[in-house]
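Here are a few short exercises to work through with the model open. Try each one yourself before you read the solution.

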Amino acid sequence: MFTGLAWLRFAATLQDWTFLAELPLSVPPAYLAASGLLWGLVGLGVIYGLWRRQPRAPRALLFAALAYSLYYWVDRLWLAVPGPVQANRPFALFATLGLLVWLFASINRSDVQAYFGDNA
């Protein structure tokens, strides 16, 4: 889902570049496109590793999730324009932590580790 949204961000930014350049955004359209491309590529790499049952894929997924969470909160706290988006900050924090806990618990299940091998 996150990978798909990243690719959508990249494609939509390219498609609407002129319109976005005219808006009073806190970041230029190049930032939106670059971040979409970066996270889309990271996601594809993780998906490929999971699909191919590579032993390091679960840890790569966890690392990517932690890095994306950090990116999300840096983007939200320092780059987003203050306003209504800040109203749901507690929910966003709860959702971020909840998803990370769920992901960590899922990766550390014995059947997942057995599926990916000893290095999972």
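**Exercise 1.** Work out how helices α1 and α3 run relative to each other: roughly parallel or roughly antiparallel?

*Solution.* Start with the geometry: α1 (residues 2-15) and α3 (residues 29-51) pack at about 150 degrees, with axes 7 Å apart. Axes here are lines fitted to C-alpha atoms, for helices over the stretch in contact, and angles run from 0 to 180 degrees between N-to-C directions. Now apply the cut-offs: under 35 degrees is roughly parallel, over 145 roughly antiparallel, 65 to 115 roughly perpendicular, and the rest oblique. So α1 and α3 are roughly antiparallel to each other. Finally, look at what sits in the contact of α1 with α3: 13 nonpolar, 6 polar and 1 charged residues.

A word on the source: this is a predicted model, where local features need pLDDT of at least 70 and side-chain atom pairs count only at pLDDT 80 or more, while totals for chains, interfaces and linings use all residues. Residues are numbered from 1 along each chain as its sequence is written, and side-chain values use heavy atoms, with hydrogens and water left out.

**Exercise 2.** Decide whether Thr3 is buried or exposed, and find what it touches.

*Solution.* First, locate Thr3: it's in helix α1. Next, take its relative accessibility, 15%, which means that Thr3 counts as buried (buried is under 20% relative accessible area, exposed over 50%, partly exposed in between, with a 1.4 Å probe and protein chains only). Then list its contacts (heavy atoms within 4.5 Å): leaving out residues up to four places away in sequence, Thr3 touches Gly40, Gly43, Leu44 and Ile47.

**Exercise 3.** Find which residues make up the largest nonpolar core, and which helix gives the largest share.

*Solution.* A nonpolar core is a set of buried Ala, Val, Leu, Ile, Met, Phe, Trp, Tyr and Cys residues joined through side-chain atoms within 4.5 Å. The largest one has 5 residues: Leu62, Ala65, Leu100, Leu103 and Ile107. Both α4 (57-79) and α5 (89-107) supply at least two residues of this core, and α5 gives the largest share, with 3. Zoom in on Leu103 and you'll find it touching Leu61, Leu62 and Ala65, again not counting residues up to four places away in sequence.

**Exercise 4.** Place Gly83 and say how far it is from Trp7.

*Solution.* Gly83 is in the loop between α4 and α5. With a relative accessible area of 33%, Gly83 is partly exposed. From C-alpha to C-alpha, Gly83 and Trp7 are 26 Å apart, with their positions 76 residues apart in sequence.

Notes:
Helices (H or I, at least four residues) and strands (E, at least two) are DSSP runs, numbered from the N terminus. Ala, Val, Leu, Ile, Met, Phe, Trp, Tyr, Cys and Pro count as nonpolar, Asp, Glu, Lys and Arg as charged, and the others, Gly among them, as polar.
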